Amino acid sequence: MTDSFVDYDKPLDGIARITLNRPEALNAINMSMRDDLWTFVQSASIDPDVRVLIVRGEGPRAFSAGADISEFGTAPSLHESREARRQRDLWALLENLPIPTIAALHGFCFGAGIELPLYCDLRIAAADTRIGLPEVTLGYIPSAGGTQMMPRIAPPGAAKGLILSGDPINADRAFAWGIVHRVVPLDELDTTVEAIAQRLAEVDPERTAELKRSIRRGLDLPMSAAIRQDAQTARRLANRLSDC
C-alpha cells in the first residue's frame, strides 16, 4: 500500500509480518494506521497460507509510543468515531484470530503500543522495553483494552497500579508479572521471534485454531463447563484423525 505507515510482508514460510513503520513519530498509531492494521490483520485471517502473524515496530526507539495524540478531538463527531471503530474493530479481530500471533516488543510500548500486543498470543520483549499505560496522566483511560486485558494477563493488583498511576515498568518487571513471555537482548529479538514463529507454523493450523478457540471460550465459562467443552473438542479432533 502506498502512503501507508504499516508494512505487510507475507513470505513463503507461512509467517506474515506486520510492521509499524513510522519511526520518526515513535510509531504512534494514528487513525489511518489503525485502518491499515485492520486491513492487514483481516488479510492474514483469511489467507490459508498464513500460519503465524508477527507484529513489530520499525526503528530503534519504540514498538509504539501509543495513539497519536495530535489527532485527539479531530474526528468529525464522537458518534462517527465510535462507528468507525465498531466497523473496524481491530482489537476483537486480533483476539479472535485463529492463527498464533506474536508481538516483538522493544523500546517504548505505551498506551495503544502495549494494548495492541496484549491482544497477541505471545509477547517477546527486548531488554530495553518500557511498558506503560499513561492515559490517566493525560486525562482519559486506556480504552483500547488496557483496563480489561491487563488485569486478565497481569496480577490484578499489579494491573491496577499500572492503570491508576500511569507509571511505566521495565522488561524484567513485565516478565515477572506475566505481561511478556520472554526477555532477550535487543540484538536477539528478531531471531528469537522468528524461531518461535517457525515452530508454531509447523503445528497443524486446525489444531491451533481449536486450541485458541477453547482457551477463549473457556475464560467465560465455569471450570466444569470449560472442561466439558474441552472434552467435546478432543473427541471431535480424535474423530477427524480416525477418518484420515
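Two strands are taken as paired if DSSP finds at least two bridges between them. On this basis, the predicted model contains an open sheet of 6 strands in the order E1-E2-E3-E5-E7-E10, with mixed pairing. Strand E1 (6-9) and strand E10 (182-184) stand at the edges with a single partner strand each, so one side of each is left without a neighbour in the sheet. From one strand to the next, the twist averages 20 degrees.

At the E1 end of the sheet, E1 and E2 pair in the antiparallel sense over 4 bridges. Within this pair, Ile-18 of E2 is the bridge partner of Tyr-8. The two strands form a hairpin with 5 residues between them, and Gly-14 in the turn has a positive phi of about 85 degrees. On the other side of the pairing scheme, E2 and E3 run parallel and are joined by 6 bridges, with Val-52 in E3 as the bridge partner of Ile-15. The chain passes from E2 to E3 through helix H1 (residues 31-46), and this β-α-β crossover is right-handed.

Strand E2 was examined for burial on both of its sides. Of its 6 residues, 6 are buried, so E2 is largely enclosed by the rest of the structure. Ile-15, Arg-17 and Thr-19 point one way from the strand, whereas Ala-16, Ile-18 and Leu-20 point the other way; all are buried. Ile-15, which has its place in strand E2, is buried with a relative accessible area of 0%. Not counting residues up to four places away in sequence, Ile-15 touches Asp-9, Lys-10, Val-52, Ile-54, Glu-194, Ala-197, Gln-198 and Ala-201. The C-alpha atoms of Ile-15 and Leu-211 are separated by 19 Å, the two residues being 196 residues apart along the chain.

The loop between E2 and H1 holds two residues with unusual backbone angles. Most residues other than glycine have a negative phi. Leu-26, found in the loop between E2 and H1, has a phi near 55 degrees, a positive value in a residue other than glycine. Asn-27 is found in the loop between E2 and H1 as well, and its phi is likewise positive, near 55 degrees. At 0% relative accessibility, Asn-27 counts as buried.

At the E10 edge, strand E7 (residues 122-126) and E10 pair in the parallel sense over 3 bridges. Ala-126 stands opposite Val-184 in E10. Helix H8 (residues 189-201) lies across strand E2 (15-20), strand E3 (52-57), strand E5 (101-105), E7 and E10. The helix runs at about 160 degrees to E7. Contacts of Ile-15 in E2 include Glu-194, Ala-197, Gln-198 and Ala-201, which fall in the residue range 189-201 of H8.

A further open sheet has 4 strands in the order E4-E6-E8-E9, again with mixed pairing. Its edge strands are strand E4 (62-64) and strand E9 (169-170), each of which pairs on one side only. E4 runs parallel to strand E6 (residues 108-110), and 2 bridges join them. Ser-64 stands opposite Cys-109 in E6.

Among the helices, packing was examined for H5 and H6. Two packed helices are described by the angle between their axes and the distance between the axes. The axes of helix H5 (residues 146-153) and helix H6 (residues 156-165) come within 7 Å and cross at roughly 145 degrees. The crossing of H5 past H6 is right-handed. From H5, the contact is made by Gly-146, Thr-147, Met-150 and Pro-151; from H6, by Pro-156, Ala-159, Leu-162 and Ile-163. By class, this contact has 6 nonpolar and 2 polar residues, and no charged residues.

Helix H10 (residues 223-243) contains Gln-229. This residue has a relative accessible area of 13%, and Gln-229 is therefore buried, the cut-off being under 20%. Leaving aside its neighbours within four places in sequence, Gln-229 is in contact with Ser-214, Arg-217, Gly-218 and Leu-221.

Methods
Residues numbered from 1 in each chain as written. Predicted model: local features only at pLDDT ≥ 70, side-chain atom pairs only at ≥ 80, totals over all residues. Heavy atoms only, no water. Axes fitted to C-alpha atoms, helices over the stretch in contact; angles between N-to-C directions. Contact = heavy atoms within 4.5 Å. Left-handed = near helix turned anticlockwise from the far one by under 90°. Nonpolar A, V, L, I, M, F, W, Y, C, P; charged D, E, K, R; others polar. Buried < 20%, exposed > 50% of the residue type's maximum accessible area, 1.4 Å probe, protein only. Right-handed = clockwise from strand over helix to strand, strands pointing away.
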